[in-house]
Amino acid sequence: MLVAFPGRLTRRYIDGQRKNYVSPLALFLFMVFLTFFVTSFGSGQLLSRDANIASLTNHAASAKLRVERNEQALEEARKANTGVAGVEKALAVSRKLQHEAEQRLLYVASPEKVNSEEAIELREPGWFDKTISRIASSPPNPDATFPELEKSFHHAAENPELAFYKLKNTIYKFSFLLIPISLPFMWLMFFWKPGVTMYEHAVFVLYSLCFMSLLLTVLIPLSILNQGWLIGLLVCVAPPLHMFLQLRGTYNLGKWGALWRTCMLLVVANIVFCVFLVLVLMKSVH
């Protein structure tokens, strides 16, 4: 019912039909635990022998190009006698990433030539890994609008495993804050509608977050299987469709009333989540 009939489930619980249903708060706590349990396995994706060598070759070439650019930037920094330490650090990181990229490619193309102790990267880099590599190997920008935020991102990119561990634990601890943050926005969409209480909004938000957590647990194994097209389809279709069905069934809305509230809820949800993620990232890397 959470997946197919979310509005009916939410409405029944609000109306007191609770004997056959799990409490939304208990379900939310369980789904948060399940999501981060699955995430811990998703970070250990193994690389198969028949991986895409062309993709690994491009990644190694990009890493080499970043090294060359940082070497040139270091020469310019030494001539200008400014920012040398930051560029030297970026160059060292980019050289390390180049070595790892070449080892990863060698492991796939000619595994017999790789020392088992040196084969430290056993998974193909996805878009996230490539983004992290670009951030880590880029020299600091002295003209950054938010220098503390940029420093946090660089610090996380230099040690992504530790940063991801801290980020995951921080989100796990503060995920419940999404509930009180969402309630005022829910109230704004219904404040003129008589008989709608904050309790109804709380149940709605809890069940909605449970579904989003469930969706994330499905996306993680799909990412391991490199099903990017299916991930994109689910991300674009599932959240708005679920919000629409839940809004319409919970508050007895018409099609247009549920539609404009769905659009508003999507905008609000993205803003709240982005702000929440940035704040959590800054807290976790300090």
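Is Val272 buried or exposed? In this predicted model, Val272 is buried, with a relative accessible area of 12%. The legends below begin with the whole chain and then turn to individual sites.

**Figure 1. Overview of the protein, which has eleven helices and zero strands.** From the N terminus on, each element in the series is an α-helix, giving the order α-α-α-α-α-α-α-α-α-α-α. The protein has 286 residues, and buried residues make up 40% of them. Of the contacts between residues at least 6 apart in sequence, 69% join residues at least 24 apart. The accessible surface amounts to about 16,900 Å², and carbon and sulfur atoms account for 65% of this surface.

**Figure 2. Close-up of helix 8, residues 178-188, with its buried residues.** Leu178, Ile179, Ser182, Leu183 and Met186 are buried in this helix. These residues lie on the same side of helix 8, because they cover an arc of only 130° around the axis. An α-helix has 3.6 residues a turn, so residues three or four places apart point the same way.

**Figure 3. Close-up of Val272 in helix 11, residues 255-285.** With residues up to four places away in sequence not counted, Val272 touches Leu178, Ile181 and Phe185. Leu178 is also one of the buried residues of helix 8. Along the chain, Val272 and Leu178 are 94 residues apart, and their C-alpha atoms are separated by 8.0 Å. The relative accessible area of Val272, 12%, is under the 20% limit, and Val272 is therefore classed as buried.

**Figure 4. Close-up of Asn81 in the loop between helix 3 (53-80) and helix 4 (84-109).** Asn81 is not a glycine, yet its phi is positive, at about 55°. Most residues other than glycine have a negative phi. The relative accessible area of Asn81 is 67%, and this residue is exposed.

**Figure 5. Close-up of Asn252 in the loop between helix 10 (228-251) and helix 11.** What is the phi of Asn252 near? The value is near 55°, which is positive in a residue other than glycine. Asn252 is exposed, and its relative accessible area is 61%. Exposed residues have a relative accessible area over 50%, which means that Asn252, at 61%, falls in this class.

How values were computed
Residues are numbered from 1 along each chain as its sequence is written. This is a predicted model: local features need pLDDT of at least 70, side-chain atom pairs count only at pLDDT 80 or more; totals for chains, interfaces and linings use all residues. Side-chain values use heavy atoms; hydrogens and water are left out. Helices (H or I, at least four residues) and strands (E, at least two) are DSSP runs, numbered from the N terminus. Buried means under 20% relative accessible area, exposed over 50%, partly exposed in between (1.4 Å probe, protein chains only). Contact means heavy atoms within 4.5 Å. Accessible areas come from the Shrake-Rupley method with a 1.4 Å probe; for residues, only the protein chains shown count as cover. The arc is that of the directions from the helix axis to the C-beta atoms.
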